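Reader: I am in my first year and would like a close look at one part of this protein. Please take the packing between the helices, and explain each term as you go.

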Amino acid sequence: MLIVDVISITLILGGGFFCLATAFGLARFRDTIGRMHASTKPQTLGLSMTLLGTVLHIFANGGGGATVAGDLGMMLLIVLFALMTSPIIGNRLGHVAQKEGLIDRAALSRDDETEPRLRPAPRGD
């Protein structure tokens with residue numbers, strides 16, 4: 001039991017760290033792209049790690065019954081919902097930011113819209 005408890009505590013604390021990093025990233029980053037990155041990637045990982053640690057702790061300590069099974073099912077649905085919606089929200093936010101001109105192009109390390117696109121030469125088969 002001790003090993004499982006250590007793993008679950010590590011997952012819960014690691015998830016809390018990622019959620020805290022998300023909060024600092026949203027407060028610190030000044031542009032839309034940075035905030036979008038901070039709000040999608042570490043937040044989803046932090047939530048998943050926290051709930052996985054919680055589920056592992058419940059299983060390790062012999063939790064059972066219909067109420068606990070319903071709670072575990074709800075935690076699984078929360079993680080699945082976050083994993084399905086976070087990339088879509090980030091994508092849509094990026095498109096809206098680009099359309100509205102909210103992207104600081106000088107701060108980008110690579111801008112695919114201003115660089116010339118190399119198209120392959122047509123083949124004369």
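Author: Here is the packing, after a short view of the whole chain.

This is a predicted model, in which local features need pLDDT of at least 70 and side-chain atom pairs count only at pLDDT 80 or more, while totals for chains, interfaces and linings use all residues. Residues are numbered from 1 along each chain as its sequence is written, and side-chain values use heavy atoms, with hydrogens and water left out.

Start with the whole. The protein has three helices and zero strands. Its elements run α-α-α from the N terminus on. Helices (H or I, at least four residues) and strands (E, at least two) are DSSP runs, numbered from the N terminus. Of the 125 residues, 24% are buried. Buried means under 20% relative accessible area, exposed means over 50%, and partly exposed lies in between (1.4 Å probe, protein chains only). The accessible surface comes to about 9,200 Å². Carbon and sulfur atoms hold 68% of that surface. Such areas come from the Shrake-Rupley method with a 1.4 Å probe; for residues, only the protein chains shown count as cover.

Now the core. The largest nonpolar core has five residues: Leu-51, Val-55, Leu-72, Met-75 and Val-79. Helix H2 (32-60) and helix H3 (66-100) each supply at least two of them. H3 gives the most, with three residues. A nonpolar core is a set of buried Ala, Val, Leu, Ile, Met, Phe, Trp, Tyr and Cys residues joined through side-chain atoms within 4.5 Å.

Look at Val-79. Leaving out residues up to four places away in sequence, Val-79 touches Ser-48 and Leu-51. A contact means heavy atoms within 4.5 Å.

Next, Thr-44. This residue is found in helix H2. Thr-44 is buried, with a relative accessible area of 13%. Its contacts are Ala-82, Leu-83 and Ser-86, again not counting residues up to four places away in sequence.

Then turn to Ile-88, which lies in helix H3. Ile-88 counts as exposed, at 54% relative accessibility. Ile-88 and Thr-40 are 48 residues apart in sequence, yet 9.6 Å apart in space, C-alpha to C-alpha. Contacts across the protein follow a long-range pattern too: among those between residues at least 6 apart in sequence, 69% join residues at least 24 apart.

Helix H1 joins the picture as well. H1 covers residues 2-28 and has 27 residues. From first C-alpha to last, H1 reaches 38 Å, close to the 39 Å expected at 1.5 Å a residue. The expected span is 1.5 Å times one less than the number of residues. Ser-8, Leu-11, Gly-14, Gly-15, Thr-22 and Gly-25 are buried in H1. H2 is included in what covers the buried residues of H1.

Finally, the record. In an unreviewed entry, UniProt lists residues 6-27, 47-66 and 72-90 for "transmembrane region". UniProt positions are given in the numbering used here, feature names are shortened, and annotations may be inferred rather than shown by experiment. Over residues 6-27 the model is 100% helix and 0% strand, with end C-alpha atoms 32 Å apart. Residues 72-90 are also 100% helix and 0% strand, with end C-alpha atoms 27 Å apart.
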